[in-house]
Every structure is written in C-alpha cells, then in structure tokens.
Amino acid sequence: MKYLPLVIAALAQSGSAHYIFSKLVVNGEESSDWQYIRETTRSECYMPTKWTNTFDNLTPSDSDFRCNLGSFSNAAKTEVAEVAAGDTIAMKLFYDGTIGHPGPGQVYMSKAPSGNIQEYEGDGDWFKIWEKTLCDDNKDLTTDAWCAYGMSGFEFQIPAATPAGEYLVRAEHVGLHGAQSNEAEFFYSCAQIKVTGSGSGSPSLAYKIPGIYNDSMTLFNGLNLWMDSADAVELDILDTPIGDDVWVGGSSGVSVSVSSSVVSSAAPSTTAAVHFQPQTSSSVIPVTTTASSSTDTSQTDQCGAPYWS
Ligand SMILES: [Cu+2]
C-alpha cells in the first residue's frame, strides 16, 4: 500500500477521514469486504453523500441513498447471511477505518416483500433497530461527545421479535461537522441477511428512504457544532428520525429511549490521533478474522484507495 506523505499531511489538516461499512460480522466471524454488503459502484466507495458539494451527484434525496450509489446492480452477486432473530451482529468499516467525524450512528432494516433480498431495491418500509447519539455532553461536541466517534463499526442486536424473512440492514453514520453550511456527510451501506426464528413483532415506526431526512432539518443544515450547546444539539436530534425511539421488539411499539445519558457506557475511548489514522488495535467489536480482505487487491482497487480522501 503506497501513501504519499505530503498528501496525507494535507488531508490530516483538512480533517477528512472517510469510511464505509464493508464487512459483516456474524457469530464472531468477520466476512470479507462486500461479501454480504452491497458494494457501491463509486470510484471511491468511502466518499460521503451530501446535499451540497456532492460526489457523483448523489444526495440524500435520491433513491440510491438507500444503499449507496449503484449498489443495487451488485445485489445479485452479494451473498445473504443467515442470522437468528435475537442475535448480535456487526457491520465493520472498510480498510480498518474508524469513524473520524462527530455525529450520530444508526441502523435500519427493511424486509423484502417478495422474500428475495437480491431482488429488493429497498423502496418499502424501513424501521430503526439501533441508535447512538451523544454519550457525554461534557466532552467535545466536535469529537468524542458522540458515542460513535472512534468506532470501527457498529455492533447491534437483531430484535428477537423480528419476523423471519430476508432483510436489508442499513448502517449509517452522519458527520455533522459541516452542517452549518448544509454539508452533513452521510456514510452508509446495506447488508443482505436472512432472519430465522419465529418472531412475530411489528415495528412501531416506519420510514421511506429517501424521504427519511431532508435539508430543512436543522441537524443537517444549520446546526453548528462549534457554536451550539449540547442541549440545542439534542433538540435538533429530536426533530429528526434520529431522535425517534428504536424498535427493540414487540408489536405494540415497545421501545427504549435514546436519550444521551442511557448509552454512556458504550462510549469508545479515543484520542485525537485516532481521527487521522487507520485503527490498528482496540477494535470496539470482538473480531475473529476468517478471511483476509486486505490481500484482495481487486476489492481495494474497485473501491479506490484506502479510506483517505
Ligand atoms: Cu468528511
């Protein structure tokens, strides 16, 4: 892997460290890149989706905001992972990246109406099963006040009440450091899973993608992490689906609060240096590596250079 030191230095100064979810972890086994996650056709897969100063002309108002640009064209060749309802799985970042931007992380699911996830574009209903927002209001809102800051992936439970069937699982992180100029950055992709078991729950809230977010929401367009108070940020969160309760199972809207105080134990311990360096240790997710994706040069080439940008 070749790095150009001058380029790296310049990027570190600009604060760009981008990322995308490429690996699925099931039963403690880490997949190879894009084995179960639909690969985007972007030349640089880790670039964010924004409303302004876009890459590849993609915005959160487009249909490809579901699972990233062009990824449906790869659905048929993407495998489907079998997961028992109630199991905890994870989606990990490409190239051992870590989340280097401040903002919330969430996971949504959507069931394939036909029963075949490889034919499903994600135009049906989505529901939210996991959410991490502010973990510690006393920390820096531009970095580690956010639970997801420094994470190398998201680990979450498929609710035990999830009905059997094939689903898209969409992990998303939103960088809010540019929200003051309508440049919130969305990082996301979708895994294909087959849920087994006898769950009979019914999610209480449903969303459409696109449509779930818009740039009239202050959280994405107007909020200023360097100026606003934590209380103001929390109010902005509550004005979006990111502030909605997650569905943890049940058929009558049983859910848990996502208030900032509840999740503080999950805060990763990070330092400023992590922001600009690929993570080499202390993953937040227990990982048993079974496939060495880093030696697969075709995948790396397809996705562009490592997650620097
Ligand atoms: Cu960025």
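Let me start at one pair of residues: Glu-82 stands opposite Lys-194, and that lysine is in strand β9. This is a predicted model, so please hear everything that follows as a description of a prediction.

The strand that carries Glu-82 is β3. Its covered face holds Ala-81 and Val-83, while Glu-82 and Ala-84 are on the uncovered face. As a general point, side chains in a regular strand alternate between the two faces of the sheet. Next to the glutamate, Val-83 has Val-195 of β9 as its bridge partner. Four bridges in total join β3 to β9, and the two strands run parallel.

Now the sheet that these strands belong to. Five strands make up an open sheet with mixed pairing, and the order is β3-β9-β8-β5-β6. β3, residues 81-84, and β6 stand at the edges with a single partner strand each, so each has one side without a neighbour in the sheet. From one strand to the next, the twist averages 35°.

At the other edge, what joins β5 to β6, and in which direction do they run? There are five bridges between them, and the strands are antiparallel. β5 covers residues 105-111. One pair across these strands is Val-107, which stands opposite Trp-130 in β6. β6 itself, residues 127-132, is mostly covered, with five of its six residues buried. So β6 is an edge strand by pairing, and yet mostly covered by the burial count.

Next, the core. Which residues touch the most other members of the largest nonpolar core? They are Val-169 and Ala-191, in a core of 73 residues. Strand β9, residues 185-196, gives the largest share of this core, seven residues. Leaving out residues up to four places away in sequence, Val-169 touches Val-107, Met-109, Cys-190, Ala-191 and Ile-193. Val-107 is a name you have heard already, as the residue opposite Trp-130.

Stepping back to the whole chain, there are three helices and twelve strands. Of its 309 residues, 46% are buried. Among contacts with a separation of 6 or more, 80% are between residues 24 or more positions apart.

One of the helices is α2. Its buried residues are Val-233, Asp-236 and Ile-237. Viewed down the axis of α2, those residues fall within an arc of 105°, so they line one face of the helix. The general background is that an α-helix has 3.6 residues a turn, so residues three or four places apart point the same way.

A few backbone details in the loops. Between β9 and α2, which spans 230-238, the loop contains Pro-210. The peptide bond joining Ile-209 and Pro-210 is cis, with omega about -5°.

Two residues other than glycine have a positive phi that I want to point out. Asn-57 has phi near 60°, and this residue lies in the loop between β2, residues 29-30, and β3. Is Asn-57 buried or exposed? It counts as exposed, because there are 7 C-beta neighbours inside 10 Å. Asp-96 has phi near 50° and lies in the loop between β4, residues 88-93, and β5. Asp-96 has 19 other C-beta atoms within 10 Å, so this residue is partly exposed; the cut-off for buried is 20 or more.

Another aspartate, Asp-137, is in the loop between β6 and β7, residues 153-157. With 15 other C-beta atoms within 10 Å, Asp-137 is partly exposed. How far apart are Asp-137 and Asp-231 in sequence and in space? They are 94 residues apart in sequence, and 8.3 Å apart in space from C-alpha to C-alpha.

Last, confidence. The mean pLDDT of the chain is 83, and 76% of the residues reach 70 or more. Two stretches stay under 50. One is residues 1-16, where pLDDT stays under 50 and the model has seven contacts beyond four places in sequence. Another is residues 252-301, where pLDDT also stays under 50, and for these the model has 83 contacts beyond four places in sequence.

Note on methods:
Residues numbered from 1 in each chain as written. Buried ≥ 20, exposed ≤ 12 C-beta atoms within 10 Å, placed from the backbone. Pairing = 2+ DSSP bridges. Core = buried A, V, L, I, M, F, W, Y, C linked by C-beta atoms within 7 Å. Axes fitted to C-alpha atoms, helices over the stretch in contact; angles between N-to-C directions. Arc of directions from axis to C-beta. pLDDT = per-residue confidence, 0-100.
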